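Me: Could you take a close look at one helix for me, starting just past its end, and then work outwards to what surrounds the rest of the chain? I'd like the cut-offs spelled out as you go.

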Amino acid sequence: MTAYKVYFLAKVEFFSELNTQELTELARDFQWEEYARGADIIRQGQERHWFYVLTEGKAEVLVNKEGRDSLQVSSFGPGDTFGEISLFTGHPAPTTIRCLEKCKVLALDSEHFARMLVRWPKLYERFIAKLSARLNQVNIGLWEAKHKEFLRSGLQQTQFEYKFYGLWGSPKTTKEVESKLAELTQNKEHLLLIGERGTGRQMMAWYFHKRQFGEAAPFIVVDGRQFDQQWGDLIFETHGHEGNLPAVRSSGLLDIAEGGTLFIREINLISPRAQLKLAAALRSQEINCLIVGSLKAEPELLAQRLIPELRSCFTQTYKITPLRERKRDIPVIAQGILDKLARQHNRKTPTLNQEATKLLLSHNYRQGNVTELIQVIERAFFLAEEDVIGLEHVFFGPTAEKIGRSVDLLSWPWIEKLIKNGVFILWLQRITTVIFLLITMLLLFAPQTKMTTTLFVLVWGLWWPALAIISPFLGRVWCTVCPFSFVMEQFQKLYHRNLPVPNFLKQYDYLFISFLFPLIFWIEAITGMRFNPVYTGLLLMSILVAAIVIGMIFTRHTWCRHLCPLGGFVGTASIGGMLEVRADAAVCLNKCTTYECYRGKGDLTGCSMSQHAPFVDNNLACKLCFHCVRNCPNGAVKINLRVPAREVWHLVRVNQGFAIFIGVLLAILIPINYFEPLHRIWPLQKWQLWFSLAYWGTAFTAGVLTWLIARPFQTKAASRRIKLVFAFIPMVLAGYIIYQLHFLPGAGSLMLGLGFKTAAGITQTHYVPALMVGQAVAATIGLALTGITVIMVLLRDKEKPAANPGPVKQTSPPGTISHAPE
């Protein structure tokens, strides 16, 4: 037995200078010990110290950190020694020595170790030199291990069930996906995932990894776009070893993913040189991880995207079907997202109403597939204050883009302070409300007084024409100080049922406005309201009562958004206006987590028109209340001055039904202007009959023709036909300005003169009615702006085929598997 000990001790570098007699004497002090695989020879922190010589088997050196997994810093094989560090320092063991396989060692206790050094002093020097080298090697190993752990923690992505919600779709789809995942994991071979952006390739890779290795194993995600810059030279490398010192691996990419999965997004974007290196590494027997690559190409194009050497390494491919081709999964995925969000935020699960579900099903999801659906549902969840998600909470498509140059009025501190303080606007609302109520009361109860007569003239002669003249320049600035809206808000504070807007109203609000606005004009003409203060007072009071009733029943400013005829007219006029409220979508999407522009903050309500600031790209439904400006915590919302009419040829998500309203507005100008002179000639009843028939016949015919021409709602984004209809807004406004100028006080009696001298010295003067000049100017501007807008629409927009929003009946699962040839 002693001779057997001498045989192994003679192989140890420490004892190479001892002769056979000295080795025999030393061997008597060593004891044989055996350890099973996985057993600890030395435990980190133990205070009982021994010196060991490993004769058979392999062991690893581990460093344990509290709350973290052990880090391997080195390894030992036959002939290596360990334990001397603690014997020299007297401190607890700094590392753990664990058997990688069955080990046999020679052990020397601390007392005999000290006697050995006294008996042979030359060993002391050799131990010191070797110990210094060993400590240096351990430090390198610790640095490498820590660097590897740092890189792994930065690249490893976990909690994919939370990120992707772990939803495949209907029970049938989920069952098929699970069975295919089981088939994939049985082969334990590298996998190539093919699919469009957002189809869930990374989620599929995560579940593939989870089944293969479990959640604790590293799941490393890198991007093919940056692969060459970041990892091209670090695919797989090792440091050589010197003498009998153990080799130490570097933090190569495949080494970081050791024992787990490396997921490479868009693997086809890696350069051919890096693809060759990766293929060579995959063919080697030294790696201990699986590679999952993803790309957007079709299977038949793989040869063009991946070099043959790398393509042959992937013996399995899996194609994920786009969401638009399996639309029956959409309601299941959407409701599943809402369920998980509700649990995370301790909230009752909201449900999607029928109209919101139809909208989700009609969308094509070409921007981001399942990822796009997740973003839409998450946004709707946080925007919805009640337990039902409706159309007003679902925002699709890209956010509003900055169009051309504009001047941000909030860049002037005094304007910013004026708007964000809110006091100035509040007092304007109070003043206009007091004036409005005073005028209405006088019209109803004191119609014959001189003051009432004067105010009556101002209502029809200044206020109504001002709406048509100011709105094209400043947008819905009247809505900012509207007394109907302000009074409605006060009643909402007293009683408010806050019911959601009925679906039919949200879907067909343009028809209500297209009917109510002509109705007011017709009543005005038939009743002679412009000459009757009482009738005018009744009209104003009727609008106020309607606004109050609707406001007390339904949420927010439902009256203003979906029913107000004046708001519809002013909103349509403001599309080409110079004033806009827009948000910086980049700031909203990257910094905002509270959605305060929509939900409100403190006592200040959110958007009264139920709009989400980063998606607002037109003025139609923006009433310039500036709540979004005041609520935004990131300063993302701006008030801009812009080029007039530019918005028309950039329309995207405008309410396309208002094309019908524009057609009706333009058409009813014909009977209004034709029958106005006949009012003084024909008998009243005859005039009323023929005017009514012509008026409503023209309005109905124009509405139907506009619908047939523009075909609203057949595409998500505004088509060229829709934009061409909206291009006629300046002409519509010019027509109404021409009509309203008749009623300006003194317009018929004011003359503009042009004088010149003849050759004979006689002065001649020609007089032109100011009314005619004003009408000519309005007509010229209207026609010019309409012509310019039409030209810009034709130049900048190309007709695109309408997407079919009908239901898709395909029920294929999210993916199909194919096995590539070896």
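Reply: Let's start where helix H14 stops: Asn346 follows H14 and has a positive phi, near 50°. Helices here are DSSP runs of H or I with at least four residues, strands are runs of E with at least two, and both are numbered from the N terminus. Before going on, some housekeeping. This is a predicted model, so local features need pLDDT of at least 70 and side-chain atom pairs count only at pLDDT 80 or more, while totals for chains, interfaces and linings use all residues. Residues are numbered from 1 along each chain as its sequence is written, and side-chain values use heavy atoms, leaving out hydrogens and water.

Back to H14, which covers residues 330–344. The expected span is 1.5 Å times one less than the number of residues, so its 15 residues should cover 21 Å, and the end C-alpha atoms are indeed 21 Å apart.

Which of its residues are buried? They are Ile330, Ile333, Ala334, Gly336, Ile337, Leu338, Leu341 and Ala342. Buried means under 20% relative accessible area, exposed means over 50%, and partly exposed is in between, using a 1.4 Å probe and protein chains only. If you wonder about the spacing in that list, an α-helix has 3.6 residues a turn, so residues three or four places apart point the same way. The cover over the buried residues of H14 includes strand E14 (351–352), helix H15 (354–362), helix H16 (369–383) and strand E15 (388–389). Contact, here and below, means heavy atoms within 4.5 Å.

Now zoom out a bit. H14 belongs to a protein with 33 helices and 23 strands. Of the 822 residues, 50% count as buried. Among contacts between residues at least 6 apart in sequence, 80% join residues at least 24 apart.

His190 gives you one such long-range link. It sits in the loop between helix H7 (171–187) and strand E9 (191–194), and at 12% relative accessible area His190 is buried. Its C-alpha is 5.2 Å from that of Phe314, though the two are 124 residues apart in sequence. Not counting residues up to four places away in sequence, His190 touches Phe314 along with Leu282, Cys289, Leu290, Ile291, Cys313, Thr315 and Gln316.

On to the cores. A nonpolar core is a set of buried Ala, Val, Leu, Ile, Met, Phe, Trp, Tyr and Cys residues joined through side-chain atoms within 4.5 Å. The largest one has 82 residues, and Phe484, Phe517, Phe521, Trp559, Phe569, Phe726 and Tyr736 have the most contacts inside it. Helix H29 (residues 658–675) gives the most to this core, 11 residues. Take Phe517: beyond its neighbours up to four places away in sequence, it touches Trp464, Pro565, Phe569, Phe661, Leu665 and Tyr736. A second, separate core of 27 residues includes Leu254, Leu262, Ile267 and Ile307.

What about empty space? A cavity, found on a 1 Å grid over the protein atoms alone, is a set of points where a 1.4 Å probe fits but cannot get out, and lining residues have an atom within 4 Å of a point. The whole structure holds 6 cavities of 30 Å³ or more. The largest comes to about 160 Å³, where volume is the space filled by probe spheres set on the points, with grid points joined across faces, edges and corners. Among its 17 lining residues, Val581, Cys607, Gln611, Cys622 and Cys628 are closest to the centre. Strand E17 (579–583) and helix H28 (627–631) are the elements giving two or more residues to that lining. The lining splits into 13 nonpolar, 2 polar and 2 charged residues. For that split, Ala, Val, Leu, Ile, Met, Phe, Trp, Tyr, Cys and Pro are nonpolar, Asp, Glu, Lys and Arg are charged, and the others, Gly among them, are polar.

The second largest cavity is about 130 Å³. Phe521, listed above for its contacts in the largest core, is one of the residues lining this second cavity, as are Trp464 and Glu524. Helices H19 (450–474), H22 (503–527) and H23 (533–553) each give two or more residues to the lining, which divides into 10 nonpolar, 1 polar and 1 charged.

Conventions:
On a 1 Å grid over the protein atoms alone, a cavity is a set of points where a 1.4 Å probe fits but cannot get out, and a pocket is an open set with protein on both sides within 12 Å along at least five of seven lines; lining residues have an atom within 4 Å of a point.
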